[in-house]
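Work through the exercises below with the model open. Each task is followed by a solution in steps.

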Amino acid sequence: MYAIVDIAGQQFKVAKDQYLFVHRLQGEEGASIEFDSVLLADNEGKVTIGKPTIEGAKVKATILSHLKGDKVIVFKKKRRKGYRKKNGHRQHLSKIQITDIAI
């Protein structure tokens with residue numbers, strides 16, 4: 001069984017006991033959260049497609065930790081002008097585990 005869920009503006013294909021890294025979610029570590037925007041669900045070959053979401057379907061997850069992603073270097077340069085700009089960024093992420101998919 002799997003489902004396609006909209007989590008923090010991104011779509012993920014999730015299954016039970018799967019780990020995901022998503023954009024930072026509100027809530028403390030160990031907290032349980034529910035996602036209502038299930039776009040598609042597959043239950044052993046029976047596919048249910050939402051219009052745009054499936055009514056009454058929920059995906060439950062647990063927040064395991066909050067962390068930062070790898071550093072991304074942003075480098076800008078204009079040739080022959082002496083312009084060089086180096087900047088870095090680390091995205092704030094949450095690691096979650098899918099505990100249940102209810103259709």
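**Exercise 1. A hairpin and its neighbour**

Task: Which residue in β6 stands opposite N43?

Solution.
- Step 1. Opposite N43 stands K46 of β6. A strand here is a DSSP run of E with at least two residues, and a helix is a run of H or I with at least four; both are numbered from the N terminus.
- Step 2. Take the sense of the pairing. β5 and β6 (residues 46–49) run antiparallel and are joined by four bridges. Pairing itself requires that DSSP finds at least two bridges between two strands.
- Step 3. Add another bridge of this pair: L40 has I49 in β6 as its partner.
- Step 4. Turn to the other partner of β5. Strand β1 (residues 2–7) pairs with β5 (residues 38–43) over four bridges, in the antiparallel sense. Here Y2 is matched with D42 in β5.

Before going on, note the ground rules. The model is predicted: local features need pLDDT of at least 70, side-chain atom pairs count only at pLDDT 80 or more, and totals for chains, interfaces and linings use all residues. Residues are numbered from 1 along each chain as its sequence is written, and side-chain values use heavy atoms, with hydrogens and water left out.

**Exercise 2. Unusual backbone angles**

Task: What is the phi of E44, and where does E44 lie?

Solution.
- Step 1. E44 is not a glycine, yet its phi is positive, at about 55 degrees.
- Step 2. Locate the residue. E44 sits in the loop between β5 and β6. The hairpin of these strands has two residues between them.
- Step 3. Check the cover. E44 is exposed, because its relative accessibility is 79%. The classes are: buried under 20% relative accessible area, exposed over 50%, partly exposed in between, with a 1.4 Å probe and protein chains only.
- Step 4. Repeat for R80. This residue, also not a glycine, has a positive phi of about 65 degrees. R80 belongs to the loop between β7 and β8. With a relative accessible area of 69%, R80 is exposed.
- Step 5. Now inspect omega. The peptide bond that joins K51 and P52 is cis, with omega about -5 degrees. P52 is placed in the loop between β6 and β7.

**Exercise 3. The salt bridge**

Task: How many salt bridges does the rule give, and which side chains meet?

Solution.
- Step 1. Apply the rule: a side-chain nitrogen of Lys or Arg must lie within 4 Å of a carboxyl oxygen of Asp or Glu. The count is one.
- Step 2. Name the pair. K58 and E34 meet through their side chains, at 3.4 Å from N to O.
- Step 3. Place both ends. K58 is in strand β7 and E34 in strand β4 (residues 32–35), 24 residues apart, so the pair links distant parts of the chain.
- Step 4. Compare exposure. K58 is partly exposed at 33% relative accessibility. E34 is partly exposed too, at 41%.

**Exercise 4. A charged patch**

Task: Which residues form the positive surface patch?

Solution.
- Step 1. Set the criteria. Patch residues have over 30% relative accessible area and no salt bridge; like charges are joined within 9 Å, and nonpolar side chains (Val, Leu, Ile, Met, Phe, Trp, Tyr) within 5 Å. Lys and Arg count as positive, Asp and Glu as negative; His and the chain ends are not counted. Each charge is placed at NZ of Lys, CZ of Arg, CG of Asp or CD of Glu. Areas follow the Shrake-Rupley method with a 1.4 Å probe, and for residues only the protein chains shown count as cover.
- Step 2. List the members: R24, K68, K71, K86 and R90. Two or more of them come from each of β7 (58–78) and β8 (83–102).
- Step 3. Look at one member. R90 lies in strand β8. It is partly exposed, at 41% relative accessible area.

**Exercise 5. Separation in sequence and in space**

Task: How many Å separate the C-alpha atoms of V22 and Q91?

Solution.
- Step 1. The C-alpha atoms of V22 and Q91 are 10 Å apart, with 69 residues of separation in sequence.
- Step 2. Place V22: strand β3 (residues 19–23). V22 is buried, at 1% relative accessibility.
- Step 3. Take A15 and Q91. They are 76 residues apart along the chain, and 25 Å separates their C-alpha atoms. A15 lies in strand β2 (residues 10–15) and is partly exposed at 25%.
- Step 4. Finish with G56 and E28. These are 28 residues apart along the chain, with C-alpha atoms separated by 26 Å. G56, in the loop between β6 and β7, is exposed at 61% relative accessibility.
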